[in-house]
Amino acid sequence: MPFLLKRLFSAVSLVLATSLIVFLLLSPAFDDIARNVLGENASADQVEQLNAQLGLDRPVFVQYFDWLAGALTGDLGQSLFTSQTVWQAISVRMPVTVALVVLVTLLSGFFGFAFGVLSAVKRGWVDRTIQFFTTLGDALPAFIIALFLVTVFAIQLGWFPATGYTAFETDPAAWARSLVLPVTALTVVAIAGIAQQVRSSMISTLRQDYVRTLRSRGLSETRVVLSHALRNASTTGLTALAVQVVGILGGAVVIEQIFALPGLGSLAVQASVLGDVPLVLGAVLAYVVIVVVVNLLVDLAVAWLNPKVRLS
Amino acid sequence: MRMARTPALIGATVATALALTACTGGGGQPAETASGDNGTAPLLVIGALQEPSSWDPAQANEGHLAPIFQSVYDTLIKREPDGELSPMLATEWTTSEDGLALELELRDDVTFTDGAAFDAEAVKANIEHFKTANGPMLGNLSNVTGAEVVDADTVILHLDSPDPDLPQNLSNAGGYMGSPAALGSTDIAAAPVGSGPYVLDTSSSVVGSTYKLTRNEEYWGDQLPFDAVEFKILPDETARLNALTSGQVDFASLNRAASAVQAEAAGVNQPDPFSVNWAGILFFDRDGQLQPELADVRVREALAIAIDAQALVDVGWEGLGQATAQVFGPDTEAYDESLDSAYAYDPERAMELLEEAGASDLEITLPISPVFEPIIYDAIIQNWEDIGVTVNRHQWGPGEAIPSMQRGEFPIAFMTLAQRSDWNTTQFLLSPEAPWNPLASSDPELDALIAEYPAADEAGQAEIAREINEWVIDNVWFAPVMRPDTFNFYGDKIEIVPQVQQAVPSIYNFTPSGQ
């Protein structure tokens with residue numbers, strides 16, 4: 001319990017710090033917000049009137065504490081550019097990004113571990129082949145892979161939609177089809193980092209004395225690798241996975257744009273460009289929550305796998 | 001009341017379509033589809049750049065947002081593809097002799113989707129709401145002081161000074177009519193309550209992603225040919241291009257010439273080339289408040305003729321546009337084809353002008369917007385450096401460019417702006433209060449011409465517009481470079497008729513192709 005409390009405390013601190021930083025970073029653009037809301041036809045008087053209406057003519061810290069006071073009571077405010085509240089915008093977009101991140105995490109975790117273990121155990125040409133492709137995956141940005149996948153599988157072959165997202169509850173098959181290409185683009189990149197970490201960790205684990213002892217006791221190689229060595233080596237792999245998840249969130253911002261997925265990433269980009277401060281802060285909050293939850297889950301998994309972590 | 005002559009650029013497409021549509025405006029009942037008798041089709045999917053920030057009609061905007069608002073709201077007056085005005089919710093309109101009143105006769109068979117009746121009181125409520133809601137197109141009714149209900153079917157709009165564009169503005173955001181019972185409420189901001197041909201299916205729409213519209217079964221006019229319309233919100237150009245080439249959307253407009261080349265290569269259809277914008281340099285600082293040298297017209301002319309406009313069209317715009325020196329488009333009375341070459345490329349003469357003006361060592365800052373291709377800026381800067389001008393770059397961040405320009409922070413800037421009607425151009429670009437005249441440049445001769453315009457008759461207005469255009473060119477208020485082509489692309493299942501002075505066709509201009 002103290003462990004969870006500590007985590008909660010650090011999450012709240014993180015939210016406060018990031019929200020203040022984001023607010024200060026966006027503040028130079030506050031003068032432009034009313035103009036961007038009203039468009040290029042509006043007069044200076046209209047802009048001034050809207051500035052006053054939105055409270056953007058107040059000092060930055062007054063605006064921040066006003067937002068914070070609202071946020072603490074659960075009111076994240078209203079988007080300046082759409083008719084939605086920030087809660088509505090996040091609740092509509094969160095499932096898209098969560099689906100993307102969870103699927104990519106599971107797939108990249110599975111394939112990253114599988115390729116890493118295979119490389120470490122087989123070595124030789126298998127290792128070299130996997131190393132080549134994981135290095136390639138690491139070197140290629142996700143958006144290049146995405147553009148390639150769209151051109152081949154959406155435009156030329158027409159197997160998957162080039163853009164858009166269908167909610168799971170509307171049509172599970174269409175939901176899956178809408179996610180295949182974006183998930184693949186992000187997974188290819190994420191696998192690379194995890195496989196490399198798992199490989200080196202497995203190689204050093206397999207060289208340790210206790211592995212030799214297990215083998216000398218006549219345990220099958222499969223059992224030695226999967227039940228014992230992998231359990232030890234997985235701590236490194238899971239930590240790499242946690243780092244990758246943060247990278248996946250970053251990559252998802254671009255991928256959501258390319259595939260026009262209505263997720264948090266495209267929301268954050270559009271809101272940042274327009275200067276929709278309440279929405280940017282809401283999106284940042286949602287991202288912090290995702291990162292904290294993922295890190296918590298990884299910590300719990302590592303603790304479950306490795307008793308030494310539990311003791312410390 | 002005549003708005004503009006038929007645009008030569010749209011040419012055959014419009015002519016054919018108009019012949020086939022016959023009387024699209026006569027009470028707003030399209031008799032046939034533009035492509036002939038192709039009947040109805042189940043769905044039209046439009047890839048849109050923008051989504052409404054609110055469904056309140058007073059918050060409506062023009063351009064890319066026009067078809068989505070037209071789907072759910074009718075305007076008092078309809079604007080045909082060539083710019084001619086025709087009846088819609090108003091069957092007739094008459095401007096008083098002094099230009100200070102516009103009397104509208106209204107249809108008596110229209111109800112809003114909440115059951116409220118459309119009548120003179122509804123018009124009055126809409127006008128009053130529009131005037132106080134501080135929407136983006138407030139300027140549409142800036143001269144209107146109020147609405148007077150004469151009887152249920154007649155209303156008079158009173159003006160404090162004549163506005164020759166008022167009927168046209170009533171075919172734009174200023175003319176959208178929402179239910180008086182809903183105006184100003186939070187409900188109408190979230191879901192439209194109008195009398196348009198479609199209604200928003202809120203359960204199938206996702207803000208930021210998709211808006212689905214189904215037929216308004218109680219629509220007062222003839223139904224549009226599509227049973228349903230879907231707007232996919234695709235602000236990212238790559239996503240829009242991919243959706244278009246993979247057939248996910250029936251129509252999309254593209255911003256970048258490179259994307260248009262890709263779409264063309266993929267075999268996507270497009271209308272004959274036409275243009276709704278002009279692109280070039282705006283000399284904001286004609287009085288030399290920020291850059292004293294710019295007060296000398298010779299310096300402005302030197303900068304204008306130093307730009308190799310045709311090379312810029314070829315390099316920066318893939319050759320998809322026409323070089324020009326005019327801010328007025330070919331569909332206006334002010335336009336004069338011979339003036340397109342008024343700032344013909346002449347670097348030697350440019351250097352002489354700078355020398356005569358004592359500005360051979362001119363140093364100027366050109367702000368750079370991330371919206372435009374870097375090669376455009378590179379080409380202009382190279383041209384100016386070739387005549388000995390030192391050019392400093394200032395990089396704008398995303399979303400900064402337009403506010404910065406309209407605050408008058410820089411003496412010059414490159415920008416793409418809409419080619420508007422003659423009067424609208426004076427109000428948008430030229431008058432001292434115009435949003436694109438941020439440093440309030442003025443000149444007695446120009447101000448006198450603008451002041452004369454509203455009271456003149458049709459021929460007089462045309463003559464004054466031409467004089468204004470010549471004056472602006474002679475005094476080098478701008479250095480227009482080109483009229484970039486407008487990139488409208490559509491799939492095989494539909495046909496479109498481009499809308500003059502609008503980046504995308506109006507919702508009435510889409511028809512099934514029968515394929």
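Which elements of chain B cover the buried residues of α13(B)? In this predicted model, the cover includes the helices α4 (166-169), α14 and α15 of chain B, together with the strands β12 (277-283), β16 (412-418) and β17 (478-484) of chain B. Helix α13 of chain B spans residues 422-430, and because eight of its nine residues are buried, the helix is largely enclosed by the rest of the structure. The buried residues of α13(B) are B:D422, B:W423, B:N424, B:T425 and B:T426, followed by B:F428, B:L429 and B:L430.

Two of the covering helices, α14 and α15 of chain B, also contribute to a feature of the surface. A patch of negative charge is formed there by B:E445, B:E452, B:E467, B:E470 and B:D474. Each of the helices α14 (444-452) and α15 (458-474) of chain B supplies at least two residues of this negative patch, with the largest share, three residues, coming from α15(B). B:E445, one of the residues of the patch, is found in helix α14 of chain B. Helices α14 and α15 of chain B are thus named both in the cover of the buried residues of α13(B) and as sources of the negative patch.

Turning to chain A, the secondary structure comprises 13 helices and zero strands, so that the succession of elements from the N terminus on is an uninterrupted run of α. The C-alpha atoms of chain A fill a box of roughly 85 × 55 × 35 Å when taken along the principal axes. Of the 312 residues in chain A, buried residues make up 47%, and among contacts between residues at least 6 apart in sequence, 72% join residues at least 24 apart. Chain A exposes about 15,300 Å², of which carbon and sulfur atoms supply 69%. As to charge, chain A carries 18 positive and 17 negative side chains, with the centres of the two sets lying 27 Å apart.

Within chain A, the residue A:V225 lies in helix α10, which covers residues 221-258. A:V225 counts as buried because its relative accessibility is 6%, where the cut-off for burial is under 20%. Leaving aside residues up to four places away in sequence, A:V225 touches A:V117, A:V121, A:M202, A:L206 and A:L230. The C-alpha atom of A:V225 is separated by 39 Å from that of A:V152, a residue 73 residues apart from A:V225 along the chain.

Terms used. Residues are numbered from 1 along each chain as its sequence is written. Chains are lettered from A and ligands numbered from 1 in the order in which they are written. This is a predicted model: local features need pLDDT of at least 70, side-chain atom pairs count only at pLDDT 80 or more; totals for chains, interfaces and linings use all residues. Side-chain values use heavy atoms; hydrogens and water are left out. Patches are made of residues with over 30% relative accessible area and no salt bridge: like charges are joined within 9 Å, nonpolar side chains (Val, Leu, Ile, Met, Phe, Trp, Tyr) within 5 Å. Accessible areas come from the Shrake-Rupley method with a 1.4 Å probe; for residues, only the protein chains shown count as cover. A salt bridge is a side-chain nitrogen of Lys or Arg within 4 Å of a carboxyl oxygen of Asp or Glu. Lys and Arg count as positive and Asp and Glu as negative; His and the chain ends are not counted. The place of a charge is taken as NZ of Lys, CZ of Arg, CG of Asp or CD of Glu. Helices (H or I, at least four residues) and strands (E, at least two) are DSSP runs, numbered from the N terminus. Buried means under 20% relative accessible area, exposed over 50%, partly exposed in between (1.4 Å probe, protein chains only). Contact means heavy atoms within 4.5 Å.
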